[in-house]
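Visitor: Could you take me through a close look at one part of this model, starting with a pair of packed helices, and then connect it to other places worth inspecting?

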Amino acid sequence: MTNKKMWLGVTVGFVALGATLVGCSSDKKETTASSTAAATAKAGDKAAAKRGDVTVSMYDRGAVPASEGSYEENRWTKWINQNGPANVKYVPILRSDSTKKLNVLFASGSAPDIVSEYNTPFRGSLYDQKQLLPLDDILKYMPEYQKLLTQYPQLKKAGTKPDGKLYEIGKVKEAVPAHILLVRTDWLKKLNLSMPTTTDELMAVAKAFADNDPDGNGKKDTYGMNMSTYSEQAINEIFGEGSSKDLLAWGVKDGKIIRQWDNELASLTFKKKLYDDGIIDKDYINDKDGAKAKQDFLNGKIGIYVKFTGGWYDFTMNDMVTLKKNVATAEIAPLGYPKSPVGTFTGAIDNPVQMTTVINAKAKDPEAVGRYLDFMMKPETALKVINGDEGTHWKKAANSCPQAIDAAKSKNEVGYALDYEMFYSSGQDKCSFVLSGFNAEVPDQKSAMDMYKEIQKVYFDPQREYPGLTVGEHMPVYNADLQIINTTILKEKGDLFVKAIISGSKYTPEQAIKDSQAAWDKAGGKQLEDFMNKWYQENKDQAFLAKDVMAIAKQQMEQVK
């Protein structure tokens with residue numbers, strides 16, 4: 001078991017969906033920045049005697065065993081206080097109710113100095129309310145983050161607010177495709193079919209898988225494809241639009257932000273045909289988490305499986321074993337998104353630059369805040385908290401990455417501590433990458449590695465367009481009034497699109513788009529469009545957009561060569 005598996009405690013996982021690297025400095029500028037960071041670090045060392053007090057929010061996930069203590073006090077909080085530069089008090093915030101609790105704390109003036117919260121709109125609201133401290137003045141105490149900003153300029157883009165100052169701390173994760181298509185190639189061979197290269201061919205292959213008894217049992221009990229939760233989003237991406245239950249389909253045309261109505265019509269038409277022709281499970285809408293589709297795939301009943309890529313090791317080493325046990329002849333291969341009438345696209349990429357942390361404007365000792373963050377960002381600190389102690393919790397594997405000695409012990413004594421390092425950039429550590437979780441000397445693992453390399457090659461292809469404007473977490477944040485409009489439109493659109501899919505000839509995709517446009521006008525959609533265009537014109541050069549997502553993917557692909 002490698003660090004990949006330890007990242008989530010016991011089970012295998014990873015933290016973590018080219019263009020020319022945007023915003024890169026010249027060699028001279030990079031050298032100057034590195035020299036400045038080094039000088040700052042030395043200056044910081046001289047002043048390290050100052051030890052301030054810091055309060056830090058901490059997600060309470062109910063995961064600390066009684067034998068370990070509490071989120072406020074356990075072996076890792078003690079170690080951090082004994083070895084770090086500040087006296088730290090952790091403030092547990094129930095994960096399921098975090099933004100509500102934090103709002104109360106800010107309103108009462110008792111919020112922690114350092115707030116780590118994944119909710120992007122919430123952090124945006126703190127900025128709007130002037131509750132945040134700009135980081136610019138405390139970066140001199142944070143040489144680790146300065147180095148990261150130099151290596152990944154996209155972090156600065158993502159953390160900078162409209163006033164031009166840096167407010168948010170983020171982490172770089174491995175870029176991974178959000179969804180991938182996997183095809184039963186043994187079914188292709190049996191039915192004398194080729195890998196589809198266009199969406200028309202994809203539909204034809206999926207229909208053959210549903211109608212032509214590819215499993216040879218004499219029954220019509222197979223599906224050509226799955227379409228639930230993540231898989232429906234993947235179909236949207238095939239047609240170049242990144243809409244979901246939480247996000248409208250936005251794109252750029254002729255330098256302006258537009259609603260992608262044409263793309264949505266194309267994806268909706270495709271989904272309706274899948275339903276009308278019996279290619280997908282007719283009860284797909286009730287498969288909220290995709291569990292039914294996964295079970296159907298593992299039982300050998302789905303020919304084109306849309307998979308969320310999280311847990312690639314677990315999928316290849318465990319789920320594929322189950323599939324082969326159920327269907328000994330089963331073989332799969334990845335398929336890049338086929339060419340659609342509106343273009344050829346990559347899949348969405350799971351956000352590789354995730355903003356996590358802000359500083360309370362009322363923090364009493366900003367220097368202590370900076371020094372604490374710098375200490376926690378040091379790789380030697382972060383990897384100790386994440387992996388535990390060498391010789392006790394882990395040993396070096398053949399690839400020099402941490403390997404758990406006892407999974408149960410690691411879960412009990414280390415697994416709960418990951419959120420103390422919520423802002424640590426695992427993307428700078430190759431041991432956290434998907435491929436590091438495999439042993440190339442084991443044939444099955446070597447096959448899994450090779451397949452994932454093929455997935456990276458296809459899904460990070462710079463010749464393909466990215467679907468949509470950017471990843472969801474980097475979309476601009478609406479104010480309260482616009483958010484109400486957005487929520488209303490999403491609900492109306494979602495209901496109309498489902499109606500179009502399941503109503504046969506009584507309600508067409510074209511009518512659903514027409515009715516959605518009417519609902520858009522009625523709810524005030526023009527206000528959203530005006531806001532998006534104003535934001536884009538003012539921020540397009542410094543915002544974290546699709547080209548930056550692809551740049552991170554390219555940079556990391558070079559890193560692991």
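Guide: Happy to; what follows starts at one helix pair and then visits several other sites in turn. Please keep in mind that this is a predicted model.

Let's begin with helix α3, residues 75–83, and helix α14, residues 366–377, whose axes come within 11 Å and cross at roughly 115°. The crossing of α3 past α14 is right-handed. On the α3 side, the contact is made by Trp79, Ile80 and Asn83, and on the α14 side by Tyr372, Phe375 and Met376. Sorted by class, that contact holds five nonpolar residues, one polar residue and no charged ones.

While we are on α3, have a look at Thr77, which is in this helix. Thr77 has a relative accessible area of 3%, so it is buried. A polar atom of the Thr77 side chain lies 2.8 Å from the backbone nitrogen of Asn74. Setting aside neighbours within four places in sequence, Thr77 is in contact with Tyr71, Glu72, Tyr90 and Tyr420.

Two further helices can be described by their buried residues and by the glycine that comes after them. In α15, residues 379–387, the buried residues are Thr381, Ala382, Val385, Ile386 and Asn387. Just after α15 comes Gly388, with a positive phi of about 95°. In α12, residues 291–298, Ala293, Asp296, Phe297 and Leu298 are buried. The cover over those buried α12 residues includes the strands β7 (223–225), β10 (302–308) and β11 (332–335), along with helix α13 (312–326). Just after α12, Gly300 takes a positive phi of about 80°. As a general reminder for reading helices, an α-helix has 3.6 residues a turn, so residues three or four places apart point the same way.

Glycine is not alone here in having a positive phi: Asp213 has one of about 50° although it is not a glycine. Most residues other than glycine have a negative phi. Asp213 sits in the loop between α9 (199–211) and β7. Its relative accessibility is 23%, and Asp213 therefore counts as partly exposed. Asp254 is another residue other than glycine with a positive phi, near 55°. You will find Asp254 in the loop between β8 (250–253) and β9 (256–259). With 74% relative accessibility, Asp254 counts as exposed.

Staying with β9, the loop between this strand and α11 (261–276) holds Gln260. Gln260 counts as buried because its relative accessibility is 9%, where the cut-off for buried is under 20%. A polar atom of the Gln260 side chain lies 3.3 Å from the backbone oxygen of Gly240. Not counting residues up to four places away in sequence, Gln260 touches Gly240, Glu241, Gly242, Ala249, Trp250, Gly251 and Gly468.

A buried loop residue also appears between β12 (349–350) and β13 (353–359), where Asn351 lies. Asn351 has a relative accessibility of 4%, so it counts as buried. The side chain of Asn351 makes a polar contact with the side chain of His474, at 3.1 Å. For a longer distance, take Asn351 and Met317, which are 34 residues apart in sequence and 25 Å apart in space, C-alpha to C-alpha.

Next comes the covalent cross-link. The count comes to one disulfide, formed by Cys401 and Cys431 with their sulfur atoms 2.0 Å apart. The link is left-handed, with -85° about the S-S bond. This pair joins distant parts of the chain, 30 residues apart: Cys401 is in the loop between β14 (394–396) and β15 (402–404), and Cys431 is in the loop between α16 (407–413) and α17 (443–459). Both Cys401 and Cys431 are buried.

Our last stop is Ala518, in helix α19, residues 509–523. Its relative accessible area is 44%, so Ala518 is partly exposed. The C-alpha atoms of Ala518 and Val471 are separated by 27 Å, with their positions 47 residues apart along the chain given as the spacing.

Terms used: Residues numbered from 1 in each chain as written. Predicted model: local features only at pLDDT ≥ 70, side-chain atom pairs only at ≥ 80, totals over all residues. Heavy atoms only, no water. Axes fitted to C-alpha atoms, helices over the stretch in contact; angles between N-to-C directions. Helix = DSSP H or I, 4+ residues; strand = E, 2+ residues; numbered from the N terminus. Left-handed = near helix turned anticlockwise from the far one by under 90°. Contact = heavy atoms within 4.5 Å. Nonpolar A, V, L, I, M, F, W, Y, C, P; charged D, E, K, R; others polar. Buried < 20%, exposed > 50% of the residue type's maximum accessible area, 1.4 Å probe, protein only. Polar contact = N/O pair within 3.5 Å; in protein donor to acceptor, adjacent residues only side chain to side chain. Disulfide = S-S within 2.5 Å.
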